[in-house]
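Colleague: Can you put the model up? I have a few things to ask about cysteines and the surface.

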Amino acid sequence: MKVFFRTIHLYLSLASGLVIAILCLTGAVLVFEKELEQAWHSERYFVEAPATQPRLSLQQITQAVQASVPDAKVTGMKVYADPLRTVEVSLAGDKPGKEGATAQAGPAGNAGGPKAGEKPKGGGEGGGGPKYFVNPYSGQVIGPYVYRDTFFYTMFALHRGMVAGAVGKFVVGVSTLFFLFIIGTGVVLWWPATGKVLRQRLSVKWDASWKRLNHDLHIVLGFYSALFLFVFAFTGLAWSFEWFNKGIFTLTNSEMKSPEPPKSVVATAGARLTYDAAYDIARQQMPTAQNFSIQLPKDSAEAVRVAMLPKNAPHESANDELYLDQYNGQVLGKLAFEDRNLGQRVRRTFKPVHTGSIYGLPSKIIALIVCVLGFTFPITGVILWLNRLKKEKKKKQKQLAAIA
């Protein structure tokens with residue numbers, strides 16, 4: 001049986017080892033993406049809160065962005081409860097334009113920026129418009145931030161196989177499936193027959209020969225990281241195969257489609273709900289929320305949608321959603337994370353589990369270490385295989401010499 005499992009382990013590893021190494025390496029880079037971005041570009045995300053100066057209204061922030069980016073259409077805002085965070089403003093469009101615009105604007109929104117007629121450069125994961133970051137006290141506008149132009153997007157595209165289109169995503173999915181079998185067969189091959197062997201396979205013999213050290217790095221560290229790698233690979237399948245997503249909802253006996261958002265009562269005349277009004281209503285509904293993401297409707301019937309992250313949310317994807325009538329601000333409905341069906345809650349938990357953010361810094365550190373180890377296993381595994389081939393070759397040569 002061990003010969004059978006070793007054969008599966010070997011050939012699946014040879015078939016997908018390079019892809020797995022890339023997935024683990026890019027995964028390790030992406031674990032602390034948010035923290036690194038905020039450290040490298042702190043001026044984009046953080047401000048010094050003046051002792052006496054009040055915050056600008058969201059209308060004034062909108063005016064500052066529009067003064068910096070002529071003809072800009074604001075599609076959403078993200079406001080943090082933390083007074084030291086900037087306000088994130090999302091714009092519509094996917095047009096080329098001037099990059100790196102930084103403007104200084106006062107409450108009235110008078111600012112410099114891209115020249116008249118220039119459009120903001122688009123970019124987000126889904127191809128939407130760029131983001132601008134606004135100091136909520138001074139009105140300073142920093143941007144555009146275009147995710148597609150960043151180093152981390154390159155890592156993300158490699159991680160998902162997007163650099164090769166649909167074929168690349170399929171190869172990543174199949175390789176991830178292979179990885180699950182590789183991990184499973186690896187645990188079977190690691191399983192010791194005696195207590196003495198168990199002790200040997202639980203610790204790395206650092207002072208041994210390089211062949212033995214390579215063996216221990218693959219076998220011992222592979223065992224300790226197997227469970228985490230299996231969880232990361234398993235959750236990763238949700239982004240590769242639709243049948244896997246459907247399986248989540250089938251197993252949990254849940255509806256895959258989210259409830260239909262309520263609609264506004266269309267009014268023929270009258271003012272529309274502003275960002276400030278929507279923000280005030282949302283804060284009344286959840287005064288302790290960590291942040292509020294406000295999206296104005298795209299047509300005359302949609303509701304204003306506000307995603308709110310509760311203070312004690314189990315993870316970053318556990319948002320509550322508030323729906324407001326775009327004409328009069330009436331609360332049309334609220335969908336809390338715990339009110340979603342089991343399948344939707346499970347699916348929304350996949351991302352924080354996959355990225356290692358589920359338990360904050362401790363789980364991220366574990367994810368980083370495990371991903372780095374995952375990158376080394378195809379290398380140490382190939383070395384093990386080559387050493388075994390040399391050993392078998394020498395054995396056959398001795399047998400032939402004995403016969404001669």
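Modeller: Here are the cysteines, then a surface patch; note that this is a predicted model.

Colleague: Fine. How many disulfides does the structure hold?

Modeller: The structure holds 0 disulfides.

Colleague: Why is Cys24 not in a bond with the closest cysteine sulfur?

Modeller: The closest cysteine sulfur to that of Cys24 belongs to Cys371, and at 5.8 Å it is too far for a bond. A disulfide needs the two sulfur atoms within 2.5 Å.

Colleague: And from the side of Cys371, which residue has the nearest cysteine sulfur?

Modeller: That is Cys24, 5.8 Å away, and Cys371 is in no disulfide.

Colleague: Is Cys24 buried or exposed?

Modeller: Cys24 counts as buried, because its relative accessibility is 6% and the cut-off for buried is under 20%.

Colleague: What about Cys371, buried or exposed?

Modeller: Cys371 counts as buried too, at 11% relative accessibility.

Colleague: Switching to the surface. Which residues make the nonpolar patch?

Modeller: Tyr11, Leu14, Val382, Leu386 and Leu389 make a nonpolar surface patch of about 440 Å².

Colleague: Which elements give two or more residues to it?

Modeller: Helix 1, residues 2-31, and helix 12, residues 361-403.

Colleague: Where does the largest share come from?

Modeller: From helix 12, which gives 3 residues to the nonpolar patch.

Colleague: Back to Leu14. Where is its place, and how much of its relative area is accessible?

Modeller: Leu14 lies in helix 1. Its relative accessible area is 38%, so Leu14 is partly exposed.

Conventions
Residues numbered from 1 in each chain as written. Predicted model: local features only at pLDDT ≥ 70, side-chain atom pairs only at ≥ 80, totals over all residues. Heavy atoms only, no water. Buried < 20%, exposed > 50% of the residue type's maximum accessible area, 1.4 Å probe, protein only. Patch = residues over 30% accessible without salt bridge, like charges linked within 9 Å, V, L, I, M, F, W, Y side chains within 5 Å. Areas by Shrake-Rupley, 256 points an atom, 1.4 Å probe, with all protein chains shown as cover. Salt bridge = Lys/Arg side-chain N within 4 Å of Asp/Glu carboxyl O. Helix = DSSP H or I, 4+ residues; strand = E, 2+ residues; numbered from the N terminus.
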